Amino acid sequence: MHEIIWHGRGGQGVVVAAQILAEAAYLQGYLGVTSAPTFGPERRGAPLTASTRISDTPLRTFSQIESADIAVVLDPSLLKVVDVQSSVKDGGLIIINSYLQPADFHLRAGLTVAVVDAVKVALKFHLLKEGAPVVNTPLLGAFARAAGLVALEYIEKGLIKKLPAKVVAANSMALNMAYEETVIKKIGSGLRDH
Amino acid sequence: MAEVQIMTGNTAAATAVKLCQVQVVSAYPITPQTSVTETLSQFIESGELKAEYVRVESEHSAMTVCISASTVGARVFTSTSSHGLLYMHEQLHWAAGSRLPIVMCCVNRGVGAPWSIFNDQQDSISQRDTGWIQLYCRDNQEIIDTVIQAYRIAEEVYAPVMVCYDGFVLSHTMMPVCLPDADMVNSFLPPYKPHTILSADNPRNINPVIFPGMRKNSAGILCDGYMEIRYKLQETLEKSRDVIVSTGIKYSKLTGRDYSGMLWHYKTDDAEVILTGMGSIATEATVAVDELRLKGIKAGVLGVRVFRPFPHAAIQQALQNARAVIVLEKDISYGYEGALCSDIKAALYGTGINPPLHNFIAGLGGRDVKAREIFEAVQTSLTEMNNKNTQNKTIWINCRQ
């Protein structure tokens, strides 16, 4: 079983991203998929999480994720507010929306960091919602590249299933561009990584 | 091959209501139930469901609309949670006393004070004695399947059915659900035939004041008194066990999904330690059982689908070889123990089946219940039971005391 936690802010499409990933994983052939929002009220702009579980067999656990295999960070400012690192297992993967490089994030050794400038990608394809760039789709592209769990073609299929038809083309292009632009680095214990 | 969709528990419930071609929906918004009736209002607006949506100012009125519409022959639906259900309390008795086959979803949520919007089962458990059949779902597939079965059960025995499922944990979590085919549901669920037709051509007085004794009516026929009417409701719920099982068997044959019992079983065949509970906590317990088995403990889960009528005989049979029983529940009967625990003990009374039994109170007000916590608590309980010092105990899981 693979556990993914999404860190974002209310209004960023965190829950939708978690749902698209679940759809995509099921389409690819995983029999167990769940996606859940943070249980309770949600407020625009406030930090929130959503989760996706992916398994070869049907899932029988609906409790909240204690320690994820993968964390996806939609808003890099959350790294200062939320302890994202401790939401991920040792040896896990953190995917961050940022214009910085993986080594710029001072994360603990053993983690793998993947970075994509999702804002740049969203702006290139005019993906805007209420004036703000839509970063969830580009991060799904980064997920396909960095996690190696769900192939890009299935994420694209999941996207088509979940999103309104008129926005699919732009989102698809953003997904593919983000996939190409994702930079991945494993954090070593050496000083040069800090 | 039936279509599979990834959906929340609330979408599963609304989809089932659409498949059952319900004619009247009336509800008042309350978290975490709201998206059930929001989805239904969209179905009605778009014409996918040809029903009347009656807007009301409260849950008390929502149930009153259901009672009225059901009395004049409509298939009806409502759903609520927590305080909404409590506000309906008076009308729940009226619905059952009037022998109306109303189906309602209770999306389980804790009860104030203090305020909580999160999940436990105190709301539906506290309505146990209203004369409603109560069914509990372990996942979203069971929600869609149980609502469909609920209409058939309700309309066969003329008693209302409450389909209960955990708020947020199921209501807001998306998972794969195999969609029952619309033609299959049509063949499974015959049209609703009301027991009494209220019409202007044949006016009647329904549910008038009734005196303690039996009385002759104007035609000279000796009519039931209050006690006879109550006896019949009790007898109906007792007999509804057979209908619940036969309905489940019919549905299983049509779908290939097993609803042939009032209980479900996970690795119980050779189990010495039985974990039992209702709803998603029992599902989570199956993961704990996998862990316990890795430790060499022969554990299994007995899921309770039907709480009223209580499946006492099935419980006796399922626990006859148990050497330890753990009852997990998200409710408490203040001043005693969990409500399910009391019923299970009562079912075993006089049977000679007398295993040590611990009652876990867990997940009140949405506190997360993890398989790991169940696994650890069961191990602690088994050690205590082996030391023969505590054969019977209520334990609050993951709670500062």
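**Chat about chains A and B**

Student: Which elements of chain A do the buried residues of α5(A) pack against?

Tutor: They pack against β6 (112–116), α2 (118–124), α3 (136–147) and α4 (152–162) of chain A. Keep in mind that this is a predicted model.

Student: Got it. Which residues of α5(A) are buried, then?

Tutor: A:Asn171, A:Ala174, A:Leu175, A:Ala178 and A:Tyr179 are buried. On helices in general, there are 3.6 residues a turn, so residues three or four places apart point the same way.

Student: And what span should the 17 residues of α5 of chain A have?

Tutor: At 1.5 Å a residue, the helix, residues 165–181, should span 24 Å. Its end C-alpha atoms are 25 Å apart, which agrees.

Student: On to sheets. What is the strand order of the open sheet in chain A?

Tutor: The order is β2-β3-β1-β4-β5-β6-β9, seven strands with mixed pairing.

Student: Which strands of chain A stand at the edges?

Tutor: Those are β2 (32–37) and β9 (183–186) of chain A. Each has a single partner strand, so one side of each is left without a neighbour in the sheet. On average, neighbouring strands of this sheet are turned by 15 degrees against each other, ignoring direction.

Student: Do β5 and β6 of chain A run parallel or antiparallel?

Tutor: Parallel, with five bridges joining β5 (residues 88–97) to β6(A). As one pair across the two strands, A:Asn97 stands opposite A:Val116 in β6(A).

Student: Which strands does α3(A) lie across?

Tutor: α3(A) lies across β4 (68–73), β5, β6 and β9 of chain A. Relative to β5(A), the helix runs at about 140 degrees.

Student: New topic, the interface. How many residues of chain B are in contact with chain A?

Tutor: There are 21 from chain B, in contact with 18 residues of chain A. On the chain B side, the elements giving two or more residues are β8 (175–178) and α10 (280–294). α10(B) gives the most, with five residues.

Student: How do the residues on that side of chain B divide into nonpolar, polar and charged?

Tutor: The split is 12 nonpolar, six polar and three charged.

Student: Chain B has an open sheet too. What order do its strands have?

Tutor: That seven-stranded open sheet goes β3-β2-β4-β5-β7-β6-β14, with mixed pairing. Its edge strands are β3 (52–55) and β14 (306–308) of chain B, each pairing on one side only. Here neighbouring strands are turned by 20 degrees against each other on average, direction ignored.

Student: How many bridges are there between β6 and β14 of chain B?

Tutor: Two bridges, and β6 (residues 133–136) and β14(B) pair in the antiparallel sense. Across that pair, B:Gln134 stands opposite B:Arg308 in β14(B).

Student: Where do α2 and α3 of chain B come in?

Tutor: α2(B) lies across β2, β3, β4 (76–80) and β5 of chain B, at about 145 degrees to β2(B). Helix α3 (residues 59–71) of chain B packs on the sheet as well, touching β2, β3 and β4 of chain B. The direction of α3(B) makes about 165 degrees with that of β4(B).

Student: Is the β-α-β unit of β16(B), α13 and β17(B) left-handed or right-handed?

Tutor: Left-handed, with helix α13 (residues 371–386) of chain B between the two strands in that unit. Five bridges join β16 (residues 357–361) to β17 (residues 392–396) of chain B, and these strands run parallel. B:Asn359 stands opposite B:Thr394 in β17(B).

Student: Backbone oddities next. Which peptide bond is cis with omega near 0 degrees?

Tutor: The bond from B:Thr31 to B:Pro32. B:Pro32 sits in the loop between β2 (24–27) and α2 (34–46) of chain B. Another cis bond runs from B:Ala113 to B:Pro114, with omega near -10 degrees. B:Pro114 lies in the loop between β5 (103–108) and α6 (122–125) of chain B. For context, most residues other than glycine have a negative phi, and most peptide bonds are trans.

Student: What is phi of B:Asn207?

Tutor: It is near 55 degrees, a positive value in a residue other than glycine. B:Asn207 is in the loop between α8 (182–188) and β9 (215–216) of chain B. Phi of B:Asn398 is also near 55 degrees, and B:Asn398 is in the segment after β17 of chain B.

Student: Why does B:Asn207 count as exposed?

Tutor: Because B:Asn207 has 11 C-beta neighbours inside 10 Å, and the exposed class takes 12 or fewer. B:Asn398, with 16 inside 10 Å, counts as partly exposed.

Notes: Residues are numbered from 1 along each chain as its sequence is written. Chains are lettered from A and ligands numbered from 1 in the order in which they are written. This is a predicted model: local features need pLDDT of at least 70, side-chain atom pairs count only at pLDDT 80 or more; totals for chains, interfaces and linings use all residues. Helices (H or I, at least four residues) and strands (E, at least two) are DSSP runs, numbered from the N terminus. The expected span of a helix is 1.5 Å times one less than its number of residues. A residue is buried if 20 or more other C-beta atoms lie within 10 Å of its own, exposed if 12 or fewer, and partly exposed in between; C-beta atoms are placed from the backbone. Two residues are in contact if their C-beta atoms, placed from the backbone, lie within 7 Å. Ala, Val, Leu, Ile, Met, Phe, Trp, Tyr, Cys and Pro count as nonpolar, Asp, Glu, Lys and Arg as charged, and the others, Gly among them, as polar. Two strands pair if DSSP finds at least two bridges between them. Axes are lines fitted to C-alpha atoms, for helices over the stretch in contact, and angles run from 0 to 180 degrees between N-to-C directions. A crossover is right-handed if, with the strands pointing away from the viewer, the path from the first strand over the helix to the second runs clockwise.
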